Amino acid sequence: MLDPEKCCMTRFPAPVLAERAQPIETIDETIRRLAARMIDLMIEFKGVGLAGPQAGVNLRIFVASPDGTRENTKVYINPEIEPSGPLEAVEEGCLSLPGLYAKIRRNTQCTVTATDLDGNRFTESAEGLLARAFQHEFDHLEGKLIKDRFSRIQQIAARHRLRELMEEYENPSS
Ligand code: NI
């Protein structure tokens, strides 16, 4: 049974981050509380987006804010994504991989179709950082992290930090 208020920031290598998230069947009170909790976590950790698996929940939901503010944060349930435009490599980080930054190639534009908390399907087009955030958060729902998009050289550069995160996960107190 999902207890949204107990959800907390989930970091690599938690298994939920590598799983494909499941569709949300019904938007009920629990899902609304989960969305509120995810927004709180995104604001607390100063992100511009947060996906269900990052809150430890294997469900297809993400929240995103073009400027990282609470008032501009929107909820995207069961999203579909259509990237477009040229590819561009821009430095990205991830709240689930703290301390790791790397240039990731993504499309400069995308269109997202998702369901809101009232159950209405809507479509939104974005470019620049928001388009990047949508693609990054959608990756989370597919069980994919930025490290899975690293080039061979980026993987080598990240090895030490990934090992540290694995050790922190095994020994949370240390
Ligand atoms: Ni992320």
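**Figure 1. The largest nonpolar core of this predicted model holds 19 residues.** Welcome to the inside of the predicted model. Within this core, the residues that touch the most other members are Leu-34, Met-38, Leu-50, Leu-59, Ile-61, Val-63 and Val-75. At least two core residues come from each of helix 1 (29–44), strand 2 (61–64) and strand 3. Helix 1 is the biggest contributor, giving seven residues. A second core, separate from this one, has 15 residues, among them Leu-17, Leu-97, Ile-146 and Leu-162.

**Figure 2. A close-up of Leu-50 and the residues it touches.** Once residues up to four places away in sequence are set aside, Leu-50 touches Met-9, Met-38, Leu-41, Met-42, Ile-61, Phe-62, Val-63, Leu-95 and Glu-137. Two of these names, Ile-61 and Val-63, return in the next view, where they share one side of strand 2. Met-38 is worth picking out too, since Leu-50 and Met-38 are both listed among the core residues that touch the most other members.

**Figure 3. Strand 2 pairs with strand 1 and with strand 3.** Strand 1 (residues 49–51) runs antiparallel to strand 2, and three bridges link the two. On this side, Ala-64 of strand 2 has Gly-49 opposite it. Strand 2 and strand 3 are also antiparallel, joined by four bridges. Here Lys-74 in strand 3 is the bridge partner of Ala-64, while Val-63 faces Val-75 in strand 3. In a regular strand, side chains alternate between the two faces of the sheet. Which residues of strand 2 are buried on each side? Ile-61 and Val-63 are buried on one side, and Phe-62 and Ala-64 are buried on the other, leaving both faces of strand 2 covered.

**Figure 4. Strand 3 and strand 4 pair over 12 bridges, with Val-90 as a spot to zoom in on.** The two strands run antiparallel. One pair to look for is Glu-82 with Thr-111, the latter in strand 4. Val-90 also belongs to strand 3, and Val-90 is partly exposed, at 24% relative accessible area. Leaving out residues up to four places away in sequence, Val-90 touches Ala-102, Lys-103, Ile-104 and Arg-132. For a longer-range distance, try Val-90 and Gly-128: their C-alpha atoms are 9.9 Å apart, with the two residues 38 residues apart along the chain.

**Figure 5. Three protein residues serve as donors to the nickel ion.** The donor atoms are SG of Cys-94, NE2 of His-136 and NE2 of His-140, at 2.1 to 2.2 Å from the ion. Along the sequence, the donor residues follow the spacing C-x41-H-x3-H. Cys-94 sits in the loop between strand 3 (74–92) and strand 4 (102–115), whereas His-136 is in helix 2, so this pair ties together parts that are 42 residues apart in sequence. Are these two donors buried or exposed? Cys-94 is buried, at 9% relative accessibility, and His-136 is buried as well, with a relative accessible area of 8%.

**Figure 6. Gln-135 is a buried residue of helix 2.** Helix 2 spans residues 128–141 and includes Gln-135. The relative accessible area of Gln-135 is 7%, and Gln-135 is therefore counted as buried. What lies 2.8 Å from a polar atom of the Gln-135 side chain? That position belongs to the backbone oxygen of Asn-107. Beyond neighbours within four places in sequence, the contacts of Gln-135 are Ile-81, Pro-83, Arg-106, Asn-107, Gln-109 and Cys-110.

**Figure 7. The cysteines form zero disulfides, with Cys-8 and Cys-110 shown as examples.** Cys-8 is not in a disulfide, and the nearest cysteine sulfur, in Cys-7, is 7.4 Å away. The cut-off used here asks for two cysteine sulfur atoms within 2.5 Å. Cys-8 is partly exposed, with 46% relative accessible area. Why is Cys-110 without a bond to another cysteine? Its closest cysteine sulfur, in Cys-94, is 17 Å away from the sulfur of Cys-110, which is too far for a bond. Cys-110 is buried, at 1% relative accessible area. Cys-110 also links this view to the previous one, as a residue in contact with Gln-135, and Cys-94 links back to the nickel ion as one of its donors.

Methods. Residues are numbered from 1 along each chain as its sequence is written. This is a predicted model: local features need pLDDT of at least 70, side-chain atom pairs count only at pLDDT 80 or more; totals for chains, interfaces and linings use all residues. Side-chain values use heavy atoms; hydrogens and water are left out. Buried means under 20% relative accessible area, exposed over 50%, partly exposed in between (1.4 Å probe, protein chains only). A polar contact is a pair of N or O atoms within 3.5 Å; within protein, one must be able to donate a hydrogen and the other to accept it, and residues adjacent in sequence count only if both atoms are side-chain atoms. Contact means heavy atoms within 4.5 Å. Donors are N, O and S atoms within 2.8 Å of the metal (3.2 Å for Na, K and Ca); water is not among the atoms, so sites may look incomplete. A nonpolar core is a set of buried Ala, Val, Leu, Ile, Met, Phe, Trp, Tyr and Cys residues joined through side-chain atoms within 4.5 Å. Two strands pair if DSSP finds at least two bridges between them.
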